[in-house]
Number of protein chains: 2
Amino acid sequence: MRQVTSEDLNDIALGAAVLGTGGGGDPYIGKLMAQSSMATHGAATMMYADELDDDDLVIPSAMMGAPTVMVEKVPSGKEIVTAFKALTEYYGKEPRATMSCEAGGLNSTTPFTVAVELGIPIVDADMMGRAFPELQMCTPTLAGINATPMAVADEKGNSVIINTVENRWTETFARTLTVDMGCSAMIALYAMTGKQVKEACVLGTISYAERIGQAIRRARANHLDPVETVRAATGGYILWQGKVGDVARRTETGFARGDARIDGTGAFDGRSLSLSFQNEFLIARDGDTVLATTPDLITVLDAETGVAITTETLRYGYRVVVIAMPCDPRWRTAEGLQLVGPDYFGYGVPYIPVEQRMKALGGR
Amino acid sequence: MRQVTSEDLNDIALGAAVLGTGGGGDPYIGKLMAQSSMATHGAATMMYADELDDDDLVIPSAMMGAPTVMVEKVPSGKEIVTAFKALTEYYGKEPRATMSCEAGGLNSTTPFTVAVELGIPIVDADMMGRAFPELQMCTPTLAGINATPMAVADEKGNSVIINTVENRWTETFARTLTVDMGCSAMIALYAMTGKQVKEACVLGTISYAERIGQAIRRARANHLDPVETVRAATGGYILWQGKVGDVARRTETGFARGDARIDGTGAFDGRSLSLSFQNEFLIARDGDTVLATTPDLITVLDAETGVAITTETLRYGYRVVVIAMPCDPRWRTAEGLQLVGPDYFGYGVPYIPVEQRMKALGGR
């Protein structure tokens, strides 16, 4: 158990953007929300998973919607707790803690608002070890845990409790409700026991994000290369270096979908990287050569500052470095790949771990 | 309190089609569903509103969706109770009875399935005295009663509980969920106390539908004019007689919308009636002359049999008589007209009670 201050959140948000692989919403927004709540209520308490009793109730909380909309429609602290409260009422039992659904982006920090507003701890863990675009894409699904009962709530006071026969339905129902609610909504789902959190979640990921963020901050303060710092802190690979040549994006059925072209510079001069995203960056291709695919993490960093760039802020002319990092081993199982592998997203290429792809290409 | 047999349901469905003003789904489907349940469980018990205790819990039940889809996707008795059960569980209190949301069409009879399957009575009442296309369009809304908590469920076992700050939101959320669930779903909503049912609902409408149905059946058996029989049984007016010339329909956002042209015959020869519908027939115009509008009831009868024709079965060549009937007086208040008047549906004409319109036109 430890305190997480407003200062600590700066590092967590910086690192969560790296784990967000371009998606999960702008971490800056989630940070501002949580810091605004901290200004009133003080620091948050973060507990480690092993401090949970086996029969404790943990209710993860998040925001859902198109990141392009969320940036313009920032909910207040009071609004962010509506879904959490609706699900708590439905259970009729006080939760021991809340948790992040994804270690990446906005939703790494939104549960801090819930924790601080309600005076409960947040668990140092998440359900992906990164960010993914759909609700069923999490390690609890692999462990057979039900996403429902799930609460969806808007800032007007409307709330919905969903019970489904299969986790994938939560994505269908919650996505259309989110569109009805104005393309962004608050959600609470995958309520778990302490035992389930310990067994089925990715543990320690909030601290991990914080360490990445600290590394970036310190590298910048000490005039070191922040990109190399991120690579070293994550055990990742440099996929590409270049200038954003073109970004084609379309907001479809609540998602920010699109493709970006990164024109190589330095060692990559004369060639172009193709990056495809659906909220998150999912595949990086150099012509016919696949460099990395989901579920491994693909992140675009500002070449100068090492700060991760989200898919919705990516613009022509940005000088960037694209890095790839190995995902949680559970994603590499047959069940994991069925849920989040390149085939699920329609890319029609086999999954090969990024370490193997890099080795085959002679390392980078 | 009385028994309603499978035979009685034939009359109720026949009369409910008249009150359905072309919408509310095919009453034949609802009847078959209820009769199938009765074949297993026996007759239904119908209670009068004055037999309810003031603090009894009454949960109305219905089907929701595009009638064009509902006729092809008929749920079984087990499926129709899912939403009712989900809402009962949410309340944690046994309901005294179920009720019809609309006296018109499919949903006049679907609650009989719930009543028979669960062994509880159905109240002889509804919430409209007719059928309307949207969930908030009912007399309990006028009385300030919340539509929520509301349950929406599909035949796969998925269920959703909705809580809204305003009844109109139930229409938005439930409509998109219905589309997700395959364009038809079971719903339970507007849970009321016995006192609220007595004060805020349209009482005796199921018996009323039965009397209309009996009149049609007897007229046909005795070779009387069934159309004149319906007119007399409902205190209505003959608006038009003719042949269906054209029907333009489009299924949009879960609704069956469209326009029909009825080429006059007999006294109406040489002129055409224009009928517009959104699930229900909502306005009848003879050129620039408005003959009747929502919330008064506009129904198209088969000229031969007196049987009401739904908007989705209306076809070129049908010989029909169009009748209009006065609506419940609550719909004629300023609040009622705001909810279901011609302006709400975008027809841009003032509401004038059909009795006055007919008098101004010299009676028909």
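**Exercise 1.** In this predicted model, determine how strand 8 of chain A and strand 8 of chain B run relative to each other, parallel or antiparallel, and how many bridges join them.

*Solution.* Take strand 8 of chain A, residues 159–163, and look for its partner in chain B. The two strands 8 are joined by 5 bridges and run antiparallel. For one facing pair, start at Val160(A): opposite it stands Ile162(B).

**Exercise 2.** Describe the side of chain B that touches chain A: which elements give two or more residues to it?

*Solution.* Begin with the count: chain B brings 16 residues to the contact, and chain A brings 16 residues. On the side of chain B, the elements giving two or more residues are strand 8 (159–163) and helix 8 (167–180). Helix 8 of chain B supplies the largest share, 6 residues. By type, this side of chain B holds 7 nonpolar, 7 polar and 2 charged residues.

**Exercise 3.** Find the operation that superposes chain B on chain A.

*Solution.* Two copies of a chain are related by a rotation about an axis and a shift along it. Here the rotation is 180° and the shift along the axis is 0.0 Å, with an RMSD of 0.0 Å. Therefore the relation is that of a two-fold axis. The contact surface serves both copies, as 100% of the contact residues of chain B recur in chain A. Within chain B, Ile161(B) comes closest to the rotation axis, its C-alpha at 2.4 Å.

**Exercise 4.** Are the faces of strand 4 of chain A covered or open?

*Solution.* In a regular strand the side chains alternate between the two faces of the sheet. Ala97(A) and Met99(A) lie on one side, Thr98(A) and Ser100(A) on the other; all are buried, and both faces are covered. Strand 4 of chain A also pairs with strand 3 of chain A in the parallel sense over 4 bridges, where Val58(A) stands opposite Ala97(A).

Note on methods: Residues are numbered from 1 along each chain as its sequence is written. Chains are lettered from A and ligands numbered from 1 in the order in which they are written. This is a predicted model: local features need pLDDT of at least 70, side-chain atom pairs count only at pLDDT 80 or more; totals for chains, interfaces and linings use all residues. Two residues are in contact if their C-beta atoms, placed from the backbone, lie within 7 Å. Ala, Val, Leu, Ile, Met, Phe, Trp, Tyr, Cys and Pro count as nonpolar, Asp, Glu, Lys and Arg as charged, and the others, Gly among them, as polar. Two strands pair if DSSP finds at least two bridges between them. A residue is buried if 20 or more other C-beta atoms lie within 10 Å of its own, exposed if 12 or fewer, and partly exposed in between; C-beta atoms are placed from the backbone. Copies are superposed by least squares on the C-alpha atoms of residues with pLDDT of at least 70 in both.
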